[in-house]
Amino acid sequence: MNNKSNRLLELDILRGFIIVVMALDHANHFIAKGKLSSELWTGSFPDYQGQALPFLTRAVTHLAAPGFFFLMGVGMFLFAHNRRARGWTKRQTIMHFAVRGFILVIIQFVLENPAWNIGSDSSSVTYFGVLYALGGCMILGGFLLILPPKWLTLLSVVLIVATELLLPQQVVGFVQYAYPLRLLLLPGFTEGIYVLYPIMPWLGVTGLGIVYGHWLRQDEAAALKSALWIGLIAILLFVPIRWFDGFGNIRAQEGGGWIAFFNVVKYPPSITFLLLTLGINLTLLGLLSRAPEVVLQVLQPLAVFGRVPLFFYVLHLYLYGWLGQWLDPQGIGIVHMFPYWLLGLFVLWPLCWGYGRFKQTQSPNSLFRFI
């Protein structure tokens, strides 16, 4: 458990797990047609009418986005540290992440957006989704690598907290906020674009991942051991902040009961959303670090997905999109969707395994290493 390969295996297993739950969300969208409105800071909010299965199907997938941004930050630091040991300059590192980030943004518009239009007329609205934000955060994160961990921690927390402080007062109806505000801070529609993942709050999550990468490199055992306790503390902090329904929630609970309590704002990520989801992700990482070798071996198939996340991401959108059209364009319902979600994973696993093997044969600077 103390060598490099095992540590990276734990990170890959966690990334693979959140990829699997992400796929559940998209199978629900394409096959079941079961997703309600998004958990936006303003406008209509998902109303599950007390139904546990639709809510839980959505709620478990919330682990994905924070996990991706946090683990991307971890990976960026570990990659940069490795390349510096080989003689790379800071400028080379920044340029490398600028190119990779730009590629992610291009893939958003060229490959991801057409997938969301499967089964519908091509949209005249340009969607700025998770790949746009990941790419933007990677570009800016290259500069964050220069900062000392303490300053980067402070900056990351400020970005997350300032997101809620800077949100305009919620209003009823459609507001044409300026494009820069949409792209950096405010999810929603402005003429010609639809933004779900603005860069500012997610850059804070990426920064926290970079800080954790520093810690992993300096004291791997302490970082992995502490992940469990940091995660549990974050989950515990979620409870009173959510209970009192004030700052940190972006919008108050709608209705009563446990579903309303855990139904939090994701776009942009509220403090309660990040405490809960990052808390669970860190708790899982801490548990993986304590797991016996036999358990890691059982979970290793997840690492196959975790090592090629972008490859999986693009393929699974088209797979579930086409599968949904073939089964029933109107949707087959959540209960009947689950076997097809699993079927999609079985289909994608050998493809991801093969692509992962192919990546390992490429030079470190190959474009295929980015995918």
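Here is a short dialogue on reading this predicted model.

Q: What kind of model is this, and how are residues numbered?
A: It's a predicted model, where local features need pLDDT of at least 70 and side-chain atom pairs count only at pLDDT 80 or more, while totals for chains, interfaces and linings use all residues. Residues are numbered from 1 along each chain as its sequence is written, and side-chain values use heavy atoms, leaving out hydrogens and water.

Q: How many helices and strands are there in the protein chain?
A: Helices (H or I, at least four residues) and strands (E, at least two) are DSSP runs, numbered from the N terminus. Here you get 14 helices and 3 strands.

Q: Why is the chain called as compact as a globular protein of its length?
A: Take the radius of gyration over C-alpha atoms and hold it against the globule rule, 2.2 Å times the number of residues to the power 0.38. This chain comes out at 20 Å, close to the 21 Å the rule gives for 371 residues, so it is as compact as a globular protein of that length.

Q: What share of the residues is buried?
A: Buried means under 20% relative accessible area (1.4 Å probe, protein chains only). In this chain, 53% of the 371 residues qualify.

Q: Which residues have the most contacts inside the largest nonpolar core?
A: Such a core is a set of buried Ala, Val, Leu, Ile, Met, Phe, Trp, Tyr and Cys residues joined through side-chain atoms within 4.5 Å. The largest one has 115 residues, and Phe-69, Tyr-197, Trp-202, Tyr-212, Phe-312 and Trp-341 have the most contacts inside it. Helix α1 (residues 4-32) gives the most to this core, with 15 residues.

Note on methods
Buried < 20%, exposed > 50% of the residue type's maximum accessible area, 1.4 Å probe, protein only.
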